[in-house]
Amino acid sequence: MKNLLEIFQIIYRGNPEKIELLDRAILNNGNSKFTQFYEGLATGKIKNDLEAAQLIYKASPTDPKYRQLKSRFRKRLLNTLFLLDATDTIAEDENKNRFVQIQKQWALTLIIHKHKARKTAINMARNLLILCEKYEFHRLATDIAHFLWKDAILRQDMKNVGHYDAQRKKHEAFYLAEKEAEEIFLSSRLQLQQKENGRQVKLNLEENAEKLVQLAEKHPSAEIYFYMYHIWILHYRQQGNYRTMAQICRQAQKQIKNFTYWPDADKIHTFVIQEMYAAWGQKDLKAAVQLVEQNEKELIKNFPLWLEFMELYFLTASYARDYTRMLSIYNKVSEQALIHEMEPEAKGRWQLFRAYLYLLYDCKVLRNTPPEPRMHKEDMAHIRWDKDIKKQWKLALLLSDMAWNGQPDTAIFRANQGVTTQAKDYDRPAAIRRSVFLKLLERLHRAGYSEKQLRLTEKYYEQLRSIPRPISNYMSQLEIVPYEDLWEILLEHFDITP
């Protein structure tokens, strides 16, 4: 009761009736400006200051009345946010809920201590430290142990000074190790991305992975193991060793599941995605199907993650030349897209996938008609895609024009002249493969799609086969259907013997 009385006195002195919250009484008041603001945001009528000011006051965003309302509304939102129950706002993740609740309790402890209710604050901090110790929340435990250590010093409580100093140093060592692991991983991933984008960068993936092995041995935590396994996976993926990559993905999931209370446990799905990359790299459709069967129900709870998973499933089917399955995957994603909203970038990719399905249908290697609408050149002007997707679209449209009526836009051939001789492209297999493939298409067009007139394609075809296919999630490097397969499909379409 003593602690409760201390907390009550803090609230009582703070004039609780003046605390502004968004409660049911306010939101049920249809004439309230706060209600109009809230409903406008909830329904999507308000997306910016101009729309808000016009809707509520029929004024400009600089109007003093609107600016005051916006400021007060924000204050109410923050006050209300602090009092929300985390279990109402976070998905079914017990560990993440627990972590958020402890974070909130720690914030309340500091507020109580600031209002001179020391005994209550110390009691709360001790209980929180026990929980952080149990759940291995090292960063929070470091702050709480430091708080208790400082209090013990001020009171000259030498017994607890030593106890909390030991706690503080132990958890701080783990926290600093986790932070170092994150820094090593993020630096490694940046190097790899720069390398894939054609920059001259020295990769230290294996060396950095070994550093994380040593960190994990000294400070075994889920966070460090996550980054350690992830770098090994990126290392083997960069080498093209997809079999080992898949094995490490499975090993990572098994190891990290031993850490029962990791609040970021949903990040374990990263290894499912990476295992699907390994299946794509091996063109192992059987492994991809098994991954879908084992993980789809869990992944679909996180639609963006599931969408990336299905993109890789689609590409695995493409590289395995199972075009009927590609269409089936596309249809499944379309059904989910009616329920969940796609981001513009993802929508652009799946529209591009549909264009390739129509190309396969036009070339008679896909028997079932893809879903409407069929995309045309004119449609490109109305959709805001990034430059990499537009580049892929131009290639898809070129192929469709060649297959459909033999009248492609030859500007893409002129733009391709001399591309492979540019120094910046020597370290970009994706750019070289695209350029060589365009040279093949140009010769096919100049031959009038006739076997008798077709010349000097063998050297380009062999060159194309000699350059490894890039396995990447960057649209600038993506081959939705491998260029070798597309070339063979076109030759068969025009009755040309390879």
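1. Let's start with R349: at 15% relative accessibility, this residue counts as buried (buried is under 20% relative accessible area, exposed over 50%, partly exposed in between, with a 1.4 Å probe and protein chains only). Its partner E345, at 46%, is partly exposed. The side chains of E345 and R349 form a salt bridge with an N to O distance of 3.2 Å (a side-chain nitrogen of Lys or Arg within 4 Å of a carboxyl oxygen of Asp or Glu). Because they lie four residues apart in helix α18 (residues 344–362), about one helical turn separates them.

2. A word on what you are looking at. This is a predicted model, in which local features need pLDDT of at least 70 and side-chain atom pairs count only at pLDDT 80 or more, while totals for chains, interfaces and linings use all residues. Residues are numbered from 1 along each chain as its sequence is written, and side-chain values use heavy atoms, with hydrogens and water left out.

3. Confidence comes next. The mean pLDDT is 86, and 89% of the residues reach 70 or more (pLDDT is the predictor's confidence in each residue, from 0 to 100). Among the elements, helix α9 (residues 138–154) has the highest mean, 96, and helix α6 (residues 86–89) the lowest, 52. Please read residues 421–427 with this in mind: their pLDDT is below 50, and the stretch has eight contacts in the model beyond near neighbours in sequence (a contact means heavy atoms within 4.5 Å).

4. The overall picture is helical, with 23 helices and zero strands (DSSP runs numbered from the N terminus: helices are H or I with at least four residues, strands E with at least two). Of the 498 residues, 47% are buried. Among contacts with a separation of 6 or more, 63% join residues 24 or more positions apart. The protein exposes about 27,900 Å², and carbon and sulfur atoms supply 50% of that area (accessible areas come from the Shrake-Rupley method with a 1.4 Å probe; for residues, only the protein chains shown count as cover).

5. Which residues touch the most other members of the largest nonpolar core? They are W350, Y356 and L441, in a core of 113 residues (a nonpolar core is a set of buried Ala, Val, Leu, Ile, Met, Phe, Trp, Tyr and Cys residues joined through side-chain atoms within 4.5 Å). Leaving aside neighbours within four places in sequence, W350 is in contact with L307, M310, E311, F314, I329, Y330, V333 and M342. A second, separate core has 24 residues, among them W106, A121, M124 and V161.

6. On the surface, F82, L83 and I111 make a nonpolar patch of about 280 Å² (patches take residues with over 30% relative accessible area and no salt bridge, joining like charges within 9 Å and nonpolar side chains, Val, Leu, Ile, Met, Phe, Trp and Tyr, within 5 Å). I111 sits in helix α7 (residues 94–114) and is partly exposed, with a relative accessible area of 41%.

7. Helix α7 also holds one end of a link between distant parts of the chain: K96 pairs with D264, 168 residues apart, in the loop between α13 (242–256) and α14 (269–282). Their salt bridge has an N to O distance of 3.4 Å. D264 is partly exposed at 23%, and K96 is partly exposed at 23% as well. A search of the whole structure finds 20 salt bridges.

8. Another pair worth a look is R433 and E484, whose side chains meet in a salt bridge at 2.8 Å, N to O. R433 is in helix α21 (residues 429–446) and E484 in helix α23, 51 residues apart. Both R433 and E484 are buried. Elsewhere, salt bridges that share partners join R118, D151, R155 and D157 into one network.

9. R433 also turns up beside P468, which is in contact with P429 and R433 when neighbours within four places in sequence are left aside. P468 lies in the loop between α22 (458–466) and α23 (483–493) and is exposed, at 57% relative accessibility. The C-alpha atoms of P468 and G240 are 9.2 Å apart, although 228 residues separate the two in sequence.

10. Finally, R168 in helix α10 (residues 158–196) is buried at 15% relative accessibility. Not counting residues up to four places away in sequence, R168 touches T142, A145, H146 and W149.
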